[in-house]
Structure formats: structure tokens, C-alpha cells
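Reader: I've just opened this one and I'm new to it. Could you walk me through it, one question at a time?

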Amino acid sequence: MNNNAMSNTDTEIELLVKNMLSPECISNPYPVYKQLRNHAPVNGLLDYPPGTVPGVDTPYPAWVVTRYEDVDYVLRNPEIFSSEDPMQANSSAPSLMLVNHDRPRHTALRNLAKMAFTPKRIHDNIVERLRLDVNKIVDRSLNTEIDFMVDVAGVIPALVMTYLMGLPPEDYKLLVRWANAFMVSSDFTSDERQSCNVELFHYFVAAVEKRYADIEAGIEVSDDLMTAFINAEFEGDTLSKEEVVLFCITLVVAGAETTTYFIGNLMGVMLEDADWFSKLKEDRSLIRPFMEECLRRDGPPQRLFRLVLQDCEISGQAIKAGDWIAFFMAAANHDESVFPEPEKFIIGRKNIAKHVTFGRGIHHCLGAPLARVEAEIMLNVVLDKCDGIKGSISNSKRQSGGLLAYGFSTLPVELVAKRS
């Protein structure tokens, strides 16, 4: 009888894993994560890495890793868990720089990226320009019901990408579409996803080719991130033209969509509890801890994949070399053993720095400071310009197209203008 009970439990858990790609789970995965954390990793998730195309590419069965301790173990041991993604490599998608590389090439690429992606370039050179644009975006959104995801959150990160890489500002709409398709978290057909991958690649091939040609012709070019990637040198190493293209693509797909969802999730918290608006308006020192708790509780990135390079154990489960694992940062961020009452939004948690939304170790997200700057500017401008926010979280809808990101697809709000 006990054996049958155990068998039923195992069957139920396997069914949970198979149903993780259901719209219901994608839009609210945390109850499922909670059940899975009570078990050792379970094999059988058939999900898609960024850039791959459902209906065209064939997913590999993956072990699902959800406990904080286990996710941390994967992040801290890149020599056991490889970031090279055979599924993406065999798809129509361009490979992602750093994200899909291991040591020693990862170390060389990250050093080159740091030469280009300096704090000055990602902060000082865009802050004032972004603040002006966010003021314009909010001004045209006041005192009318808007979809915050379309009119505000969906604009800011893609605009930032055009600043960073010296692209025409109006092209931000193209970047939004391509990032949405690449990140497998929106409702696109297989043909649309493949077309977007091709368009994205050729767009940056053309942009980078022109930049190289202008530099070679002695034409003065803007001191932006694309130029910095071309000129980056570390201990005699440089990036090839193809690597420059892939770095540009990586920034767009990794930065535009996840930051959009982050900005939307911040607004969602203020709709859940109207007190947050007045608290933040009165005390701006609360903005940073407010953002960090949102990154922990509602962080957009849900999971990443790794290829196992050597036999190992995770929570007592034997994992073999050649296996495929999906580790869920979002599930780790809700682990009760690390973050008590994880579903509650509690700013000032003493261990908030332990959240793994941006990864850890050699793969810690290079764009994390930029995402925080964009979100902080958005919050400050809304707080400066508005006396309040009208709307109900019950009228919103979470995206349900893919398990890679947690965020709103629609978020109706009214930004109530400050009375003069």
C-alpha cells in the first residue's frame, strides 16, 4: 500500500512537470514550484531555450531543479553544468554571447565585454536622455486609461537599446517584436518566430557592417556600445565581426523583454497595494529595496538550461553526464527555507541580496545595473508626475505564451496627473 501511495505521488509530480507549459502554470507558476520543491529533481520537462521555435525544434527532456540550494549549486559549478546550448545551436536562432559560452572562452568574452560595457556608458551616458524620454512617455499617458505594458513598460527598455547601440530611435518597435519572438514568451506562430530570428540577425549584420565600413573610411562614428565592441581589446584579444553582431543581438533579446516585464511587475505591485504609491512618493529611499523585493518575488527570468558535463547528484538524485537540466531561479527565490513567507511582498529582508534573479558567479547578468537604472527612473518620474494610480490588478493578464518569463501581457492603469 505504501508503495502504491509513493507511486501515485511520483505520477502526480511527473504530471505536474508535463503540465508546466500550460497557460495556467505559465501565468502563475509559483504554486507548482512549491510542490516541486518538496521533491528531488524530476525529469521530463520539454521546454524551449531562447531563440528556439516550438513546433520546429525538438526539446530535450530536462531535469527540473527548484530548491534554492540546488539552483545555487548549479550556478556555482560551471565546470559541471555547461552553458553551451546544443538545442539552440541546432535551431535558426543566433547564439547568445556569454550566455551560451563556457570557460575559457567565456572569460575572454566577458573581459572584452567589460571593456565596452562600462558603468559610464550604461549609466552616465544614457541617464539624462532616458529621464527626458520617460517624462515624455508619462506625460502623454496621464489621465487616460492606458495599457502600461504597451505604452510605458514596452517602450523604455527598447529605447535604451537604441541609445546604447546608436540605432534609429524609431526602430525600438522592431526590437520589441524580435525580442518577444526570441524569448519564446509571446503568442507567435512558428513561421513568425523563425522570420523574426532571421530579421533580427540580418538587421544587426547590416548595422555592424555599416559601422565597420564607416570606421575604415575614416568617417566619424558615435561613441556607443556597438563602436565599443568593435574597438574592445583585452590582452591582445578582440571580437570578430560576427561576435560583435551576436553581442548586439544578445543585449537586445536579453535586455529588452525581461526589463519590460520587470517595469510592469513594479507597477503591478503598486496596483496590488495602493499604499505603496504613497510610501514611495514620500520616501524615495524605499525605491531600491522595493525594486529588489520585486526582483525576488516577481522576477521575470524564470529558468535557464544547462548541459551536464559529468555525473553528479542534486538533492540525492543521480544526474548523468549528457543530461539536460532546467534550473528555476524564480522557484529558488520562493524557497521558504531561505525567504520566509516568500509569497508576501516584504521590503527590507535582511538576506535580499541572496536572490538569484540575475544569476550568480561567472554568469551573473552584465546588464543588471542597467535594468535597475531604467526601473528607478520610471518609478521616480511616475511618482513626480502623478498623485496616484487608478486600476485593478484583477483587470490585468499575465503572459502565458512561454515559461521563460513572468510578467504581464496587459496591465490597464490610469496615471492620475499631479494637481498644479
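Reader: Let's start with the largest pocket. How do the residues of its lining divide into nonpolar, polar and charged?

Author: Sure, and keep in mind that this is a predicted model. The lining of the largest pocket is made up of 27 residues. Sorted by class, they come out as 10 nonpolar, nine polar and eight charged.

Reader: Which element gives the most to that lining?

Author: Several elements supply at least two residues each, among them α9 (148–153), α14 (241–272) and β13 (408–410). Helix α11 (172–182) is on that list too. With five residues, the one that gives the most is α11.

Reader: Which residues lie nearest the centre of the largest pocket?

Author: The pocket holds about 610 Å³ of space, and 27 residues line it. Those nearest its centre are M149, V150, V176, N180 and S409.

Reader: What about cavities: how much space lies in the second largest cavity?

Author: The count comes to two cavities of 30 Å³ or more. The second largest is lined by V74, L75, P78, F81, R306, R360 and H363, which split into four nonpolar, one polar and two charged residues. The space inside is about 40 Å³.

Reader: R360 is in that lining; which network do salt bridges join it into?

Author: A search of the whole structure finds 21 salt bridges. Some of them share partners, and R360 belongs to one network joined that way. The members of that network are D72, R76 and R360.

Reader: R303 and D47 meet in a salt bridge; how many residues apart are they?

Author: Their side chains meet at 3.0 Å, N to O. R303 sits in strand β7 (residues 303–308), while D47 is in the loop between β1 (42–45) and β2 (62–65). The pair links distant parts of the chain, and the separation is 256 residues.

Reader: Is R303 buried or exposed?

Author: The cut-off for buried is under 20% relative accessible area. R303 has 2% relative accessibility, so it falls under that cut-off. Its partner D47, at 4%, counts as buried too, and the word for R303 is buried.

Reader: How many residues apart are R284 and D384?

Author: These two side chains meet in a salt bridge at 2.9 Å, N to O. R284 is in the loop between α15 (275–282) and α16 (287–298), and D384 is in helix α18 (residues 368–385). R284 counts as partly exposed at 30%, as does D384 at 41%. Along the chain, they are 100 residues apart.

Reader: And R419, which pairs with D387: is R419 buried or exposed?

Author: The two side chains meet in a salt bridge at 3.3 Å, N to O. D387 has a relative accessible area of 32%, which makes it partly exposed. R419 has 71%, and exposed means over 50%. So R419 is exposed.

Reader: Last one: how far apart in space are C294 and L266, C-alpha to C-alpha?

Author: C294 has its place in helix α16, and it is buried, with a relative accessible area of 0%. Not counting residues up to four places away in sequence, C294 touches F262, N265, L266, V269, G299 and F345. C294 and L266 are 28 residues apart in sequence, but in space the C-alpha distance is 6.5 Å.

Technical notes: Residues numbered from 1 in each chain as written. Predicted model: local features only at pLDDT ≥ 70, side-chain atom pairs only at ≥ 80, totals over all residues. Heavy atoms only, no water. 1 Å grid on protein atoms, 1.4 Å probe; cavity = no way out; pocket = protein on both sides within 12 Å on 5 of 7 lines; lining within 4 Å. Points joined across faces, edges and corners; volume = space filled by probe spheres on them. Helix = DSSP H or I, 4+ residues; strand = E, 2+ residues; numbered from the N terminus. Nonpolar A, V, L, I, M, F, W, Y, C, P; charged D, E, K, R; others polar. Salt bridge = Lys/Arg side-chain N within 4 Å of Asp/Glu carboxyl O. Buried < 20%, exposed > 50% of the residue type's maximum accessible area, 1.4 Å probe, protein only. Contact = heavy atoms within 4.5 Å.
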